[in-house]
Amino acid sequence: LLSASDRIYEGDTVQISKSGFKGGEVELLGWLETVLRGNDDIMLTIPNTDLQSSLVSNLSRIHICQVYQTLRFRYHDATYLPKLLHDIKCEIRESCPTVITDGSRPFRCYWTSFQSNHLEVVVDAHFRIRPIGDTYYENRQRVLLAIDRAVQDNGIQYA
């Protein structure tokens, strides 16, 4: 049934909710059980009956990823946040050519809340790359470096 369902194939990168499997590759899709290799190289064997009833995210079929980051700033920097938010978006656009800015996916940088000892800002950006592998993590790093450049250029410190 799993093979016929077109949910997963050997070689796909998946996450499985019921088992707590956070991510890895399908090594073997057998008749009775499926063998997964986690990102930590630990092999996990799951009965196909459990797999049938689990929520399976097949990351190999996703062509868009998200980088979501919450930032904290000091209260006395509140007046500088509007310019900083604009600069963060500009830095991400310049540093990450795969960022989606056509309105089909969110590209946000907003001050979202007052907390007891800091102000909270959320950066939410989507990219035309898969959410797996080195390409994803290199892109995520470019986003974080772009954010940090904007913060440093504005003379603001994190809380």
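Visitor: Which residues line the largest pocket?

Guide: In this predicted model, the lining of the largest pocket consists of T13, Q15, K22, G23, G24, N39, L59, P131, I132, G133 and Y137. The volume of this pocket is about 180 Å³.

Visitor: What makes a residue such as K22 part of the lining?

Guide: A lining residue has an atom within 4 Å of a pocket point. K22 is listed in the lining, and therefore K22 meets that cut-off.

Visitor: How do the residues of the lining divide into nonpolar, polar and charged?

Guide: Four are nonpolar, six are polar and one is charged. Lys counts as charged, so K22 belongs to the charged class. Gly counts as polar, so G23, G24 and G133 belong to the polar class.

Visitor: Which elements each supply at least two residues of the lining?

Guide: They are β1 (13–16), β2 (21–29) and α4 (133–153). The greatest contribution comes from β2, with three residues.

Visitor: Why are β1 and β2 said to pair?

Guide: Pairing requires at least two bridges between two strands. β1 and β2 have three bridges, in the antiparallel sense, and therefore they pair. One bridge involves T13, whose partner in β2 is E25; T13 is also a lining residue of the largest pocket.

Visitor: How do you know that β2 pairs with β3?

Guide: The criterion is again at least two bridges. β2 and β3 (residues 33–38) are joined by five bridges in the antiparallel sense, so the criterion is met. Within this pairing, V26 stands opposite L36 in β3. Three residues lie between β2 and β3 in the hairpin that these strands form.

Methods: Residues numbered from 1 in each chain as written. Predicted model: local features only at pLDDT ≥ 70, side-chain atom pairs only at ≥ 80, totals over all residues. Heavy atoms only, no water. 1 Å grid on protein atoms, 1.4 Å probe; cavity = no way out; pocket = protein on both sides within 12 Å on 5 of 7 lines; lining within 4 Å. Points joined across faces, edges and corners; volume = space filled by probe spheres on them. Helix = DSSP H or I, 4+ residues; strand = E, 2+ residues; numbered from the N terminus.
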